[in-house]
Each structure stands twice: as structure tokens, then as C-alpha cells.
Amino acid sequence: MTTVTPRDLTLLRDALGPLRDREQVAERLLESSAKHSFDPDKELDWDAPFEDGKWFWPPELVSLYGTPLWKRMPEEQRMELARHESASLASLGIWFEIILMQLLVRHIYDKPVTSNHVRYALTEIADECRHSMMFARLIEKGGTPAYQVPRVYHNLARVLKTISTTPGSFAATLLGEEILDWMQRLTFPDERVQTLVRGVTRIHVVEESRHVRYAREELRRQMVTAPRWEQELTRVSCGEAARIFSICFVNPQVYENVGLDRREAVAQVKASGHRREVMQTGAKRLTDFLDDIGVLRGAGRRLWKSSGLLA
């Protein structure tokens, strides 16, 4: 990876090639936002009843799929687990988006307020506000609890929001967005899934594609221009974030709430080759990108491997 000073803006490049001008990237994203943004309250039919016999999440993406416990479960209980896991993932999404919004506000605090880069960040914050409200409404409509992440990780996120460096912020952003995005891309075209869930995931996929582009371009820039200590901190903090993410991905309380033994269910998920493949496949596009730009190195790479998201 070639490192240059921030003044040599026309020379900025990494292993993926020349970096695009920050303002041009933001301008294109703003144009896309103007054409392809949605109001979930108006776009989706929230009053329609759920359809009998349809899933709230594709069964192959449910954590216990293919395990001995799954094979013993009646179909009704499997579908009930999918409903609760859908709510757990929506709750996780809200948690991540609230963190992301605060990190974005920190990122633009010292930047020119009339720039396209800042305007797009504000546009993304508005998107995330709508997404969080949309996910909350889906949880309420589905009749399940809102599943909070464990208190220790909830509080660790307070530390992240306070001390995170800019590249660390964008690396964490991509971690929170890309794996769920991969799952949602499988969900919204799946006719076995509830129409409302498909509508929610479709909106999220379309709008998140812009957020991923913004975060990727900025992380590339930061990994080229940041001092060495910040690059190393980003590698470690990103690896630790991956470890926490994999722990929080599905709240184990979902198993108890559908009548399963929590310890047995957690143990079978950890031992499941199918689940490991799902998570690593969902993360592969992200891990390939992070590897290319020099994030997956040293202790950070070892943390990613311990998370189960990197083979």
C-alpha cells in the first residue's frame, strides 16, 4: 500500500487503484439519494395482516438451521424462531444505526458545512433515522420483544463512540452494514417470506448500498492518509468489533422465548458448520475488501478469525 501526505490529493491510491475525489463521490451519492429514497410509512402497507404460512426470515438464515435441534423442531416452532430472530436482527440494526449516526456527526463536525461530503453525511443520517423507525415498527407489528444487546457490549459501544478514530468508525460501519445487507439481499426476493418483511429489507438494501459506497471510499482514503499508529489501532479495533458483532448477532433469549433450551441451542449454533458458512459467506465481500486495503493484518486478523467471520 502506497502512503502519501494529504496534500498530494491527486496521487492518492491504494491496492485497489486511484482514490476518487471525495466531492465527486458525494455528488453522485446525493443524486442517487434524490432518485431512490423511500418513506417507509407511506411505501409499505403496515395495516395488512401477516400471511399464514410465511416466514419472517428465510429458514436457511435462521441460526439453528440444519442442526440436530432444528431437525427435531416442528415446523411451527421453526417459523416462530424465525419471527423472533428477525426481531433480534432488527433490534441489532437499530443499535448499530444509532452508533453510526453519532459517528457520522463526529466525522463531519470539523468539515466544511457546505461541502457535498457533509451534505451526503447528513442525508445518510436522515436515511438511518428512517431505517431505525422502520425496524422498530416492524418489531412492534411482529409482536415480539425488542432484543437488546448484552449490557457489557452496550456500554463498550459508549466507549467506541467517544474514542473511535475516523478509519475505525468507517471500518465498524461497514461491519454493521455489509453482513446484514447480504442477508437482506437474499430475503427481499424470497416469496416464502412475509410481504412486509420483504418490503422492509428491499428499502434497506437500496439505501444501504449508498452508505456502503460512502464508507468504503472514506475508509480507503483514511487508511492511506492516517498515521501508522492510527492504521494499527484501526486493525485491532475492527477485529474486536467483529468479535463483538458475532457474539451479539442473535440474542440467545430468542431460544428461550420459543420454548428451547438456551444452552443446548447456543452450543448447537456454535458447532454448526452451516451457520459458520453462512456467516463467513455473508462477510466475505467485506473481508476481501478489508484485506485488499490492509486492514486484516496482525492482531486484527487474529481477532477476525476468532470471531468466526473469517475462515
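This note walks through a predicted model of one protein chain, point by point.

1. **Overall make-up.** Start with the secondary structure. The protein chain has 13 helices and 2 strands. Its radius of gyration is 20 Å, and the globule rule gives 19 Å for 311 residues. The two values are close, so the chain is as compact as a globular protein of that length.

2. **Outline.** Now the dimensions. Measured out along the principal axes, the C-alpha trace covers about 65 × 45 × 30 Å.

3. **Inside and outside.** What share of the 311 residues is buried? The figure is 53%. The chain also exposes about 14,600 Å². Of that exposed area, 53% is supplied by carbon and sulfur atoms.

4. **Contacts along the chain.** Take the contacts between residues at least 6 apart in sequence. Of these, 83% join residues at least 24 apart.

5. **Charges.** The protein chain carries 44 positive and 43 negative charges. The mean position of the positive charges is 5 Å from that of the negative ones.

6. **Aromatic pairs.** The structure holds 8 aromatic pairs. Look at Trp55 and Trp70. Their ring centres are 6.3 Å apart, and their planes meet at 20°. Planes under 30 degrees apart count as stacked, so this pair is stacked. The pair links distant parts of the chain, with the two residues 15 apart. Trp55 sits in the loop between helix H2 (40-43) and helix H3 (68-72), while Trp70 belongs to helix H3. Are these two residues buried or exposed? Both Trp55 and Trp70 are buried.

7. **An aromatic cluster.** Which residues form one aromatic cluster? They are Trp95, Phe96, Phe245 and Phe249.

8. **Ser86.** Find this residue in helix H4, which runs over residues 75-108. Its relative accessible area is 8%. The cut-off for buried is under 20%, so Ser86 is buried. What does Ser86 contact, leaving aside neighbours within four places in sequence? The partners are Phe56 and Trp57.

9. **Leu296.** This residue lies in the loop between helix H12 (273-292) and helix H13 (298-307). At 4% relative accessibility, Leu296 is buried too. Set aside residues up to four places away in sequence. Leu296 then touches Thr287, Leu290, Asp291, Arg301, Trp304 and Leu310. Try a distance as well. Leu296 and Val212 are 84 residues apart along the chain, and their C-alpha atoms are separated by 18 Å.

10. **Arg297.** Like Leu296, Arg297 lies in the loop between H12 and H13. Is Arg297 buried or partly exposed? Its relative accessibility is 43%, so Arg297 counts as partly exposed. Buried ends at 20% and exposed begins over 50%, with partly exposed in between. Arg297 and Asp39 are 258 residues apart in sequence. From C-alpha to C-alpha, they are 41 Å apart in space.

11. **Arg158.** Helix H6, residues 151-163, contains Arg158. Arg158 has a relative accessibility of 44%, so it counts as partly exposed. How far apart are the C-alpha atoms of Arg158 and Ile99? They are separated by 8.5 Å, with the two positions 59 residues apart along the chain.

Methods: Residues are numbered from 1 along each chain as its sequence is written. This is a predicted model: local features need pLDDT of at least 70, side-chain atom pairs count only at pLDDT 80 or more; totals for chains, interfaces and linings use all residues. Side-chain values use heavy atoms; hydrogens and water are left out. Helices (H or I, at least four residues) and strands (E, at least two) are DSSP runs, numbered from the N terminus. The radius of gyration is taken over C-alpha atoms; the globule rule is 2.2 Å times the number of residues to the power 0.38. Buried means under 20% relative accessible area, exposed over 50%, partly exposed in between (1.4 Å probe, protein chains only). Contact means heavy atoms within 4.5 Å. Accessible areas come from the Shrake-Rupley method with a 1.4 Å probe; for residues, only the protein chains shown count as cover. Lys and Arg count as positive and Asp and Glu as negative; His and the chain ends are not counted. The place of a charge is taken as NZ of Lys, CZ of Arg, CG of Asp or CD of Glu. Rings of Phe, Tyr and Trp (its six-membered ring) pair if their centres lie within 6.5 Å; planes under 30 degrees apart count as stacked, over 60 as edge-to-face and the rest as tilted.
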